[in-house]
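Work through the two exercises below with the sequence and the model open. Each task is followed by a stepwise solution.

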Amino acid sequence: MSNCVFCKIVNWETPSQQVYEDDQFIAFLDINPMNWGHTLVIPRGHYENVLDVPEDILAGMIKIAKKVAPAVVSAMKADGFNIEINNGRAAGQLVDHVHIHVIPRIQGDNLKSGPSRSRYAEGEMGATAKKIKDAIK
Ligand code: 5GP
Ligand code: ZN
């Protein structure tokens, strides 16, 4: 999909801070994190949502989220995490390339769902990605 921002990330046409990659999936930091370390897991192939993506690829996405989540938690010294998939505009989906949000949670952070405007300071995104990458087992 030529106009899909996540396909552009897959093809390195748009830069991203990746924490995991294999031949089918990548995981990278969300550019507007709900909490620092907020990571997105996507298939390399373009599928719009949970209903479009083949079951084996959806299962693979969950496997990668399970691999990445403990690394996000330990790297960010978090207390827990949310795993979310938004499907359709009404559900808050803004990018039509299926993705799992892995959002680290800090006790008492009172995070509200919905789009975030947070941005990493210069250099901080790369440093955060490296911490998570180094923590993946
Ligand atoms: P959705 O609302 O579709 O579930 O989530 C899309 C997410 O993608 C949002 O959290 C948004 O911040 C993130 N996002 C949108 N464009 C980019 C981008 O160009 N790079 C990165 N790293 N994240 C993006
Ligand atoms: Zn796409």
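**Exercise 1.** Decide whether Gln-18 is buried or exposed, then place Gln-18 in its strand and list its contacts.

Step 1. Gln-18 is buried because its relative accessibility is 10%; buried means under 20% relative accessible area, exposed over 50%, partly exposed in between, with a 1.4 Å probe and protein chains only.

Step 2. The residue belongs to strand β1, residues 18-21 (helices are DSSP runs of H or I with at least four residues, strands runs of E with at least two, numbered from the N terminus).

Step 3. Beyond neighbours within four places in sequence, Gln-18 contacts Ile-9, Trp-12, Ile-26, Ala-27, Phe-28, Ala-129 and Lys-133 (contact: heavy atoms within 4.5 Å).

The model is predicted: local features need pLDDT of at least 70 and side-chain atom pairs pLDDT 80 or more, while totals for chains, interfaces and linings use all residues. Residues are numbered from 1 along each chain as written, chains are lettered from A and ligands numbered from 1 in written order, and side-chain values use heavy atoms, without hydrogens and water.

**Exercise 2.** Which residues are the closest to ligand 1, and which backbone atoms lie by its oxygen atoms?

Step 1. Ligand 1 is surrounded by 16 residues, the closest being Asp-30, Gly-92, Leu-94, His-99 and His-101 (a heavy atom within 4 Å).

Step 2. Backbone N or O atoms lie at 2.7 Å from a ligand 1 oxygen atom for Gly-92 and at 2.9 Å for Val-95. For Leu-94, a polar backbone atom is 2.6 Å from an oxygen atom of ligand 1.

Step 3. Elements giving two or more residues to the shell around ligand 1 are α1 (5-10) and β2 (25-29); α1 gives the most, three residues.

Terms used: A polar contact is a pair of N or O atoms within 3.5 Å; within protein, one must be able to donate a hydrogen and the other to accept it, and residues adjacent in sequence count only if both atoms are side-chain atoms.
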